[in-house]
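Student: I have a structure open and would like to learn how to read its features one at a time. Can we go through it together?

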Amino acid sequence: MLGPIVNAAVIVICGLAGCFLVRSIPPRFEEIIRKAAGLSVVFVGIRGALVNERLTLLIMSMFIGAVIGELVDIDGRMNRLGQWAERRLGSGGSSGGRSFSRGFVTTSVLFCAGSMAIVGSIQSGLTGNHEILFAKSVLDGAISIVFGASMGIGVAFSAIPVFLYQGGIVLLSIAVRDVLTQDIIREMSAAGSLVVAAIGFNFLSIKEIKVANFIPAIFIPPVYMMFGELLRG
């Protein structure tokens, strides 16, 4: 649970710092912070993908996972869920200034709905490697400072749903870890890391990628490898 704990703590600290210490951040600093975050996430993702030992399986997983994700439209559904939550809960208060509900709902949706939260929590639970969630903590911290300055203390309280959401995924991953072999966990982690690299490219604004539609790729390796074992066994 170290990853979710660190992520939640960073959101609280940075959200409070933005609320009480920072009043306004020039747009050029927001932009350069975003680029730095993007480069860092690309590096973390690519380095994690290099643990892969079955290149063909990784490529096949990305293709099949992308097709499944596009058919289901995971990215679109997640975006619509976020928009629905903001309309239902975040419209109250002063829409132009600081509003607890607006800051809380906006950042809760932003921090939980991203693919990095899902992939990082799965990897944290399966392998005990919290690197992706640590990288996410840096991104969330920077966003919390900016949003905390404009939306108020509600941003800091978004750490609660973030911790519960990511912690739940971590515990679920730990529960199924014992039925997975080290080979399966390694290949799932590699596919997940490649999905994280795509998030970095989105931050760099090179080309918008529907990252959430690639999430099914993480689950192709266990299906493929377990099916292979059944055929051989």
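Student: Is S101 buried, exposed or partly exposed, and where does S101 lie?

Tutor: This is a predicted model, so every value here is computed. Buried means under 20% relative accessible area and exposed means over 50%, with partly exposed in between. S101 has 25% relative accessibility, so S101 counts as partly exposed. The residue lies in helix α5.

Student: How far is S101 from G154 in sequence and in space?

Tutor: The two are 53 residues apart in sequence, and their C-alpha atoms are 6.3 Å apart. Another pair can be read in this way: V105 and S158 are 53 residues apart along the chain, with 7.3 Å between their C-alpha atoms. V105 is in helix α5, which covers residues 100-113. At 7% relative accessibility, V105 is below the 20% cut-off and therefore counts as buried.

Student: Next, empty space. How many cavities of 30 Å³ or more does a search of the whole structure find?

Tutor: The general idea is that rolling a probe the size of a water molecule over the atoms shows where empty space is left. Here the search finds one cavity of 30 Å³ or more. The largest cavity holds about 50 Å³ of space.

Student: Which residues line the largest cavity?

Tutor: The lining consists of V119, I122, Q123, L126, T127, I185, M188, S189, G192 and I218. Two helices, α6 (115-127) and α10 (182-203), each supply at least two of the lining residues. The most comes from α6, which gives five residues.

Student: How do the lining residues divide into nonpolar, polar and charged?

Tutor: Six are nonpolar, four are polar and none is charged.

Student: What about the outside? Which residues make the nonpolar surface patch?

Tutor: The patch is made by V12, I13, L16, F20, L21, F100, I153, F157, I160 and L164, and its area is about 970 Å². Helices α1 (2-20) and α9 (159-177) each supply at least two residues of the patch. The largest share comes from α1, with four residues.

Student: Take F20 from that list. Is F20 buried or exposed?

Tutor: F20 is found in helix α1. Its relative accessibility is 52%, over the 50% cut-off, so F20 counts as exposed.

Student: Now charged pairs. How many salt bridges are there?

Tutor: A salt bridge is called here when a side-chain nitrogen of Lys or Arg is within 4 Å of a carboxyl oxygen of Asp or Glu. By this rule the count is six. One of them joins the side chains of E70 and K210, at 3.8 Å from N to O. This pair links distant parts of the chain, 140 residues apart: E70 is in helix α3 (residues 55-72), and K210 is in the loop between α10 and α11 (220-232). E70 is partly exposed, with a relative accessible area of 45%. K210 is also partly exposed, at 44%.

Student: Which salt bridge lies within helix α7, and how far apart in sequence are its partners?

Tutor: K136 and D140 both lie in α7 (residues 131-151), four residues apart, or about one turn of the helix. The closest N and O atoms of this salt bridge are 2.5 Å apart. Both K136 and D140 are buried.

Student: And what is the N to O distance between R186 and D183?

Tutor: Their side chains meet in a salt bridge at 2.8 Å. R186 and D183 both lie in helix α10, three residues apart, which is about one turn of the helix. R186 is buried, with a relative accessible area of 17%, whereas D183 is partly exposed, at 33%. Salt bridges with shared partners join E53, D183, R186 and E187 into one network.

Student: Last, the backbone. What is the phi of D73?

Tutor: As a general guide, most residues other than glycine have a negative phi. D73 is not a glycine, yet its phi is positive, at about 60°. The residue is found in the loop between α3 and α4 (74-89). With 24% relative accessibility, D73 counts as partly exposed.

Note on methods
Residues are numbered from 1 along each chain as its sequence is written. This is a predicted model: local features need pLDDT of at least 70, side-chain atom pairs count only at pLDDT 80 or more; totals for chains, interfaces and linings use all residues. Side-chain values use heavy atoms; hydrogens and water are left out. On a 1 Å grid over the protein atoms alone, a cavity is a set of points where a 1.4 Å probe fits but cannot get out, and a pocket is an open set with protein on both sides within 12 Å along at least five of seven lines; lining residues have an atom within 4 Å of a point. Grid points are joined across faces, edges and corners, and a volume is the space filled by probe spheres set on the points. Ala, Val, Leu, Ile, Met, Phe, Trp, Tyr, Cys and Pro count as nonpolar, Asp, Glu, Lys and Arg as charged, and the others, Gly among them, as polar. Patches are made of residues with over 30% relative accessible area and no salt bridge: like charges are joined within 9 Å, nonpolar side chains (Val, Leu, Ile, Met, Phe, Trp, Tyr) within 5 Å. Accessible areas come from the Shrake-Rupley method with a 1.4 Å probe; for residues, only the protein chains shown count as cover. Buried means under 20% relative accessible area, exposed over 50%, partly exposed in between (1.4 Å probe, protein chains only).
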